[in-house]
Amino acid sequence: MCRLLAVKMTLLGLILVSSALLAGLCAAGPQVLRVTTIKEEPYAMSKGSELEGFCIDLLSAVSKKLDFKYDIKLVKDGRYGTTDDSGNWNGMIGEVVRGEADIAVAPLTLTAKRETAVDMTKHFMQTGLSFILRKDLASDDSQFLSLLNLFSTEMWMGVLVAYLLTSVCIFLVSRISPCEWEQPEKETNFFTLSHSFWYTVGAMTLQGAGPHPKALSGRVITSIWWLFSLVLLACYFANLSLWLHSDNQQQSVKSFEDLANQNLIEYGTIKDSSSFNFFKNSNNPTYHRIYEHIKKAQSYSLNAEEGFRKAQKGSYAFIGESVSLDLAVARYCNLTRAPEIIGMRGYSIAAPLGSPLVKNLSVAILHLSESGELDYFHSKWWASSCVAKNDKSAPLKPTSLKGIFLLLALGLGLGLFLALLELAAKSSKIANTQQKSCCSVMSAELSQRFRGGKAMTPESSEKSKA
């Protein structure tokens, strides 16, 4: 009996201990991770006593998906993570390696060397290497294409259509008007179709190509075309003058090869950064020349902010990761980023070697990417504060000169109308003389002028009756 009682008491004690342990676990709640990060805009920035930025939003979203809490602190030495002479890691990578932090959430570039010291997740942002410099040190347009870019494509098409229509109208008027071609059966019409095209080109270039029209209708059309040409040329040369002024003393630097082949603009990057090591370890001759130049000139920057300041002040191109440079361009409106991006890589979260967190963090990052949340975070923190402004002349569009196009259209219509009136007046006189209808005489005149037939005469009329 005593033995049975003792067993029951033991079982009761175990149940009580288990209940206490479960209650303690429930009270403890989710796991608390120690997170290290670095203060860099817009990934992590101070807001009072707290931090905000892209990486903070990313960490918050990931923690909700994986159900963990976190305690975030800034890295003590303000570095990302490199090895010293003795092979020890510093920065955020060093804190993770030494067990001072469970994960590092920052714009950490995934490299082979870092992968040997820590485990890194799938990248949450794609980036590459590029450079920024002041806008007045970079030429956006080709020297040759700029002469055509002064007018928009629509404008050039409008000018071409206007030229073709005007040439055809001059040809028609010279055929229709009796003042221009009084006796088609005896005289030669100098205004052939080819000469009409040549005459219109000559008028546009202010050179002239005689003979000139004699009829009022032809003179109306040519006068309107001269006015159209003057306005068009004035607008073109005004844009050309502005382009030459804005493009004066500019150098076209669009790629790393352009950067390496010139000596007017100094360039550099952050010392011992992944960007610096990319050029240091590269077998590409151009990239290695860039490394040698930076090393010889000692044109380093302590951090990205210093690089941005140097780029704004003078002839300096700062080499860095494209997403960080895009942020600088969005913040500092006098900077521009080169279109070339090399050495594509990604930003990842770092965790200790063998950590079970890496797999779950990678899955959570992929979920955020597929749902569009990462794109939303990027658009939120990379929003540009610059107002669109371009010192170069903008391509001229037809809407800017719609008045002169309308005037030309009215002039062409008026010229054709006057030519028909002149022919109608002559046909009316012939009809009164020959006692015929004006319409038949006018039709015969048009037929001879365009089809080469002979005009109706009394002799031909009598022969046809016989």
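In the predicted model, the side chains of Arg 337 and Asp 326 meet in a salt bridge, with a nitrogen-to-oxygen separation of 2.6 Å. Because Arg 337 belongs to strand β10 (residues 335-337) while Asp 326 belongs to helix α13 (residues 322-331), this pair ties together parts that are 11 residues apart in sequence. Both partners fall into the intermediate class of accessibility: Arg 337 is partly exposed, with a relative accessible area of 25%, and Asp 326 is likewise partly exposed, with a value of 30%.

A search of the whole structure returned 8 salt bridges, and the pairing of Arg 337 with Asp 326 may be read alongside two further examples. In general, side chains of opposite charge can pair when their charged atoms come close. Arg 98 forms a salt bridge with Glu 100, for which the closest N and O atoms are 2.9 Å apart. Within this pair, Arg 98 has a relative accessible area of 48% and is therefore partly exposed, since the exposed class begins only over 50%, and Glu 100, at 36% relative accessibility, also counts as partly exposed. The side chains of Lys 47 and Glu 52 likewise meet in a salt bridge, with an N to O distance of 3.9 Å, which lies within the 4 Å allowed for such a pair. Here the two partners fall into separate classes, because Lys 47 is exposed, with a relative accessible area of 55%, whereas Glu 52, at 26%, is partly exposed.

Two other glutamates, Glu 306 and Glu 321, were examined for their surroundings. Glu 306 is located in helix α12, which spans residues 304-313, and its relative accessibility of 18% places it among the buried residues, because that class covers values under 20%. The side chain of Glu 306 reaches the backbone nitrogen of Leu 302, at a distance of 2.8 Å, so that a polar contact, for which the limit is 3.5 Å, is present between these two residues.

Glu 321, by comparison, lies in strand β9, which comprises residues 316-321, and this residue is also buried, with a relative accessible area of 10%. When neighbours within four places in sequence are left aside, Glu 321 is in contact with Thr 109, Thr 127, Gly 128, Leu 129, Ser 274, Ser 275, Arg 345 and Tyr 347.

Note on methods:
Residues numbered from 1 in each chain as written. Predicted model: local features only at pLDDT ≥ 70, side-chain atom pairs only at ≥ 80, totals over all residues. Heavy atoms only, no water. Helix = DSSP H or I, 4+ residues; strand = E, 2+ residues; numbered from the N terminus. Buried < 20%, exposed > 50% of the residue type's maximum accessible area, 1.4 Å probe, protein only. Polar contact = N/O pair within 3.5 Å; in protein donor to acceptor, adjacent residues only side chain to side chain. Contact = heavy atoms within 4.5 Å.
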